[in-house]
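Colleague: I'm new to this one, so could you walk me slowly through a single part of it? I'd like to hear about the sheet and what packs around it.

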Amino acid sequence: MSTSPSTSSISSAYRLTPAMQSVIDRMVKAKRPALHTLSPRQARAAYAAGADVLEIARPELAEVRELTIPARDGVALPARLYRPSLEPGQPVLLYLHGGGFMIGSIATHDILCRSLAQRSACAVVSLDYRLAPEHRFPTAFNDGWDALRWLHGHGAGLGLDTARLGVGGDSAGGTLAAALAVQAALEGLPLALQLLFYPGTTAHQDTVSHQRFAHGLVLEASHIQWFFDQYVPSRQEREDWRFAPLLAPDTEHLAPAWLGLAEFDPLVDEGIAYADKLRLAGHAVDLEIYRGVTHEFIKMGRAIPEALQAHQQAADAMRAALRPSTESP
């Protein structure tokens, strides 16, 4: 899990599911230091240590392969390919992990990517984009765009069908995925899907849900502020749509979107606002709000039933968008 809530008294005022409330109570009882009180290196280690604690068993796949993808400045970005079968020409989703642009990795999101690949019968490529504060905005976006273009141009050599390509991510990774979908539309790179788990989309975290759910619910206001101060210190830069996709220009040919949000999450309002923006522009949107759960719930499948529901519904969206309905998985 990414954070340590400061108290459970606030969380008990909301209609959390019993399982979600139990998770928060256990987090409070553990008394682990909040990530924003640690150094970036310590925070990454703490997040990695707890990343799989509440995860489902690791799904087995036909192939899991380590890759490197070249960035524009010559850096080789680590990536991991997940294939549920060895059939040629599999559709593929580029996945960007969450973690406030500061923490998280291929390893912390390994089980989630395996689950999506297994359930969807689609390949997934998970990217280790570079993290703040060592690499500030827009490095993570640039790494994601370089990876998406590389996958589109070179995926066939990996046995993938790049004519059936999507992009996805959770939290900050969802922000990146949404922004990449906009860039793809602007550049004429065809995408079939943007898969977004509770993405950040606003410039200044000033929605009602940021105020209502600021404390006691896994992701707190202090954590968000710390993450974003490290990644985008300038408030003016935060109005760049590559950080705040809600401010992106209207574009034609934007990929259909599937959004999975948590009811008790500081980011829920901006997720809804982004879905509304896409719908008003005439784009196809499927929005799911999982009741009684908080940010990060999708990585708690052993404890939170809604996580498994979200895995399956996201995988169903991948299958519907990336595999023609007449094709047998």
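Modeller: Let's start with the sheet, bearing in mind that this is a predicted model. The sheet is open and has 8 strands, and reading across it you get the order S1-S2-S4-S3-S5-S6-S7-S8, with mixed pairing. At the edges sit strand S1 (63–70) and strand S8 (285–294), each of which pairs on one side only. From one strand to the next, the twist averages 20 degrees.

Now zoom in on one pair. Strand S2 (residues 76–83) and strand S4 (residues 123–127) run antiparallel, joined by 4 bridges. To find one of these, go to Tyr82: its bridge partner in S4 is Val124.

Next comes helix H3, which lies across S1, S2, strand S3 (90–96), S4, strand S5 (160–170) and strand S6 (193–197). Relative to S2, H3 runs at about 40 degrees.

H3 also has a helix to deal with. The axes of H3 (residues 110–120) and helix H9 (residues 305–322) come within 8 Å and cross at roughly 55 degrees. That angle is why H3 counts as oblique to H9. As for handedness, the crossing of H3 and H9 is right-handed.

Who actually touches whom? On the H3 side you'll find Leu112, Ser115, Leu116, Arg119 and Ser120, and they meet Leu308, His311, Gln312, Ala314, Ala315, Met318 and Arg319 of H9. Sorted by character, the residues of this H3 and H9 contact come out as 6 nonpolar, 4 polar and 2 charged.

Note on methods:
Residues numbered from 1 in each chain as written. Predicted model: local features only at pLDDT ≥ 70, side-chain atom pairs only at ≥ 80, totals over all residues. Heavy atoms only, no water. Axes fitted to C-alpha atoms, helices over the stretch in contact; angles between N-to-C directions. Helix = DSSP H or I, 4+ residues; strand = E, 2+ residues; numbered from the N terminus. Parallel < 35°, antiparallel > 145°, perpendicular 65-115°, else oblique. Left-handed = near helix turned anticlockwise from the far one by under 90°. Contact = heavy atoms within 4.5 Å. Nonpolar A, V, L, I, M, F, W, Y, C, P; charged D, E, K, R; others polar. Pairing = 2+ DSSP bridges.
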